Amino acid sequence: MNRRLVLIGPPGTGKGTQAQMLSEEWKIPHISTGSLLREAVESGSELGGVVEQYMRSGELVPDNIMLDVVKERLSHNDVSGGFILDGFPRTIEQAEGLDRTGIDIDRVVYIYVDEDEIIRRLLSRYECPKCGYIKGAENNKEDVCPKCGVKLVRRADDDIDIIKKRLKVYREQTEPLLDHYKDRGIMLEVDGNGTVEEVFRRIEKGLMDEDKHQE
Ligand code: AMP
């Protein structure tokens with residue numbers, strides 16, 4: 001199975017959760033640009049200082065900064081067996097920048113969910129500030145991370161006005177990317193409604209069916 005994957009979809013469709021599960025199953029790194037940026041903000045680094053305001057307002061961080069962040073991450077040895085990019089690329093410029101690195105993407109998994117459901121999910125989302133573990137919407141009991149034991153928190157940008165802004169930014173800047181990848185014939189479209197396990201099975205089945213098709 002080809003293992004250089006990109007997960008695309010609006011915020012709240014479960015990309016992070018699915019990327020985490022695929023990463024555990026296939027033993028390849030889950031690279032979430034949102035998490036990389038949140039870590040930078042938290043560490044107080046120079047990059048963190050530059051990106052904080054964009055993130056807080058739901059705007060995209062400029063493409064040149066994002067390309068530097070991703071190129072640096074993709075230069076680590078742990079990506080040699082594949083990787084799962086979650087939250088990148090988010091603009092045509094970023095996708096073209098990724099193409100220019102010469103790193104071929106094997107599959108793009110596009111996860112779609114209705115906007116009403118997205119808003120419902122984001123308003124009830126809790127995650128681990130340390131490892132990025134995301135509590136499923138159907139799981140009401142958990143309040144600490146099962147991996148780190150740290151208290152789960154709501155993300156600062158999971159606020160209704162910022163969510164609406166992020167959805168608008170997605171429609172205007174990220175949605176055009178779907179055609180970019182559809183035209184190449186590497187896109188798998190997955191219904192993100194249902195339980196985490198149901199969506200995971202759809203993704204795995206879709207990827208395996210496409211692999212068989214190409215053999
Ligand atoms: P996420 O965790 O993927 O929802 O990302 C959180 C925030 O980080 C976004 O609202 C953006 O401000 C920023 N961000 C993450 N990935 C990117 C990207 N590829 N391009 C621009 N901004 C990004």
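Q: Why is the way H2 passes H3 called a left-handed crossing?
A: The label means that the near helix is turned anticlockwise from the far one by less than a right angle (clockwise would make it right-handed), and H2 passing H3 gets the left-handed label. This is a predicted model, where local features need pLDDT of at least 70, side-chain atom pairs need 80 or more, and totals for chains, interfaces and linings use all residues. Numbering runs from 1 along each chain as its sequence is written, and side-chain values use heavy atoms, without hydrogens or water.

Q: At what angle do H2 and H3 pack?
A: About 120 degrees, with the axes 8 Å apart. Axes are fitted to C-alpha atoms over the stretch in contact, and angles run from 0 to 180 degrees between N-to-C directions. H2 covers residues 33-43 and H3 residues 46-57; helices are DSSP runs of H or I, at least four residues, and strands are runs of E, at least two, numbered from the N terminus.

Q: Which residues make H2 and H3 meet?
A: Gly34, Leu37, Arg38, Ala40 and Val41 in H2 meet Leu47, Gly48, Val51, Glu52 and Met55 in H3, contact being heavy atoms within 4.5 Å. They divide into 6 nonpolar, 2 polar and 2 charged.

Q: How do H4 and H5 cross, left-handed or right-handed?
A: Right-handed. The axes of H4 (residues 63-73) and H5 (residues 92-100) come within 10 Å and cross at roughly 35 degrees. Asp63, Met66 and Leu67 of H4 touch Glu93, Gln94, Gly97 and Leu98 of H5.

Q: What makes glutamate 59 a polar contact of the ligand?
A: A polar contact is a pair of N or O atoms within 3.5 Å. A polar backbone atom of glutamate 59 sits 2.6 Å from a ligand oxygen, so the pair qualifies. Arginine 90 puts a polar side-chain atom 3.0 Å from a ligand nitrogen, and a side-chain N or O of arginine 155 is 3.0 Å from a ligand oxygen.

Q: How much of the ligand does the protein cover?
A: 95% of the 480 Å² of accessible area that the ligand has on its own, by Shrake-Rupley with a 1.4 Å probe. H2 gives the most to the surrounding shell, with 4 residues.

Q: What makes the bond joining phenylalanine 88 and proline 89 stand out?
A: Most peptide bonds are trans. This one is cis, with omega about -5 degrees, and proline 89 lies in the loop between strand S3 (83-86) and H5.

Definitions and conventions. Polar contact = N/O pair within 3.5 Å; in protein donor to acceptor, adjacent residues only side chain to side chain. Nonpolar A, V, L, I, M, F, W, Y, C, P; charged D, E, K, R; others polar.
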